[in-house]
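Welcome! Here is a short tour of a structure you may not have met before. Please take a look at it first, and then we will go through some of its parts together.

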Amino acid sequence: MATAVPSAASRIAVVTGASSGIGAATARQLAAAGYRVVLTARRKDRIEALAEEINGGGGQATAYPLDVTDRAAVDEFATAFKTIGVLVNNAGGALGADPVATGDPADWRTMYETNVIGTLHITQALLPALTASGDGTVVVVSSTAGHGTYEGGAGYVAAKHGAHVLAETLRLEIVGTPVRVIEVAPGMVKTDEFALTRFGGDADKAARVYQGVAEPLTADDVADTITWAVTRPSHVNVDLLVLRPRAQASNTKVHREL
């Protein structure tokens, strides 16, 4: 199937959480596909360095420091755009792996704020510009955690279920408008920061997540999938795409070569 070339009205792609991992990889790949990417994240130095990298390689990128949980800042950011073509809701993350009985409510609240409320903020703020483009796409990067539970993951699972339901409901509510809603739900992805952040910087715990797994997914694997979905012809909507490494059959069934 042919790859759709972004029209002039829909060439801008906003990527949240673009400072590392899946967000940074997606920004690079969308830029290579012909989009002008707007990189947002809290870490100003990271997104500025990425924008410089993309621009230096012949792409087009702009860095905009932004915390998607800050609604006033999000609304101010949105005033810069009359039209955009793509919004990739990637900002999020996991904190802790405690059981429900001892989970930290502050961690649960932070995960919900970033994965769900942050996605709500930026999607609401940019939906008019996506609609005005005549060919908009909202991508929600959820997780297989949004489709199945596992022990020690309830806080993250609850947040990603929220992200999944947001995407599913939005698609129902805006059908008939020129905006697609795509959900990409990755399984085990090995990045520099995800597990390390989840375990409070404990490198040994983070390493054990991937121990014995020959080839977990990479950020580039997920970015390639997002870019493929976004560049389908306008009438093609990839409602939900779940991707896992071959070694992972479910959230709790993983083949490890130990």
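The points below cover the sheet, a pair of helices and two single residues. Please keep in mind that this is a predicted model. A good place to begin is the open sheet of seven strands, which pair in parallel.

**The sheet**
- Going across the sheet, you meet the strands in the order S3-S2-S1-S4-S5-S6-S7.
- Strand S3 (60–65) and strand S7 (240–243) each have a single partner strand, so they stand at the edges, with one side of each left without a neighbour in the sheet.
- From one strand to the next, the twist averages 15°.
- Strand S1 (residues 12–15) is joined to strand S4 (residues 86–89) by three bridges, in the parallel sense.
- Within this pairing, Val14 has Leu87 of S4 as its bridge partner.
- Packed on the sheet you will find helix H8 (residues 219–230), which touches S4, strand S5 (136–141), strand S6 (179–186) and S7.
- The direction of H8 makes about 160° with that of S6.

**Two packed helices**
- Helix H3 (residues 71–78) packs with helix H4 (residues 105–132) at an angle of about 30°, and their axes are 9 Å apart.
- Angles under 35 degrees count as roughly parallel, and H3 and H4 are therefore described that way.
- Their crossing is right-handed.
- On the H3 side, the contact is made by Arg71, Val74, Asp75, Phe77 and Ala78.
- On the H4 side, His121, Ile122, Gln124, Ala125 and Leu126 take part.
- Sorted by class, the contact of H3 with H4 has six nonpolar, two polar and two charged residues.

**A buried residue: Ala13**
- You can find Ala13 in strand S1.
- Ala13 has a relative accessible area of 0%, and because buried means under 20%, Ala13 counts as buried.
- Beyond its neighbours within four places in sequence, Ala13 is in contact with Leu30, Tyr35, Arg36, Val37, Val38 and Val86.
- Ala13 and Leu30 are 17 residues apart in sequence, and their C-alpha atoms are 7.6 Å apart in space.

**An exposed residue: Asp45**
- Asp45 lies in helix H2, which covers residues 44–56.
- The relative accessibility of Asp45 is 56%, and since exposed means over 50%, Asp45 counts as exposed.
- Between Asp45 and Val175 there are 39 Å in space, C-alpha to C-alpha, and the two are 130 residues apart in sequence.

Conventions:
Residues are numbered from 1 along each chain as its sequence is written. This is a predicted model: local features need pLDDT of at least 70, side-chain atom pairs count only at pLDDT 80 or more; totals for chains, interfaces and linings use all residues. Side-chain values use heavy atoms; hydrogens and water are left out. Helices (H or I, at least four residues) and strands (E, at least two) are DSSP runs, numbered from the N terminus. Buried means under 20% relative accessible area, exposed over 50%, partly exposed in between (1.4 Å probe, protein chains only). Two strands pair if DSSP finds at least two bridges between them. Axes are lines fitted to C-alpha atoms, for helices over the stretch in contact, and angles run from 0 to 180 degrees between N-to-C directions. Contact means heavy atoms within 4.5 Å. Angles under 35 degrees count as roughly parallel, over 145 as roughly antiparallel, 65 to 115 as roughly perpendicular and the rest as oblique. A crossing is left-handed if the near helix is turned anticlockwise from the far one by less than a right angle, and right-handed if clockwise. Ala, Val, Leu, Ile, Met, Phe, Trp, Tyr, Cys and Pro count as nonpolar, Asp, Glu, Lys and Arg as charged, and the others, Gly among them, as polar.
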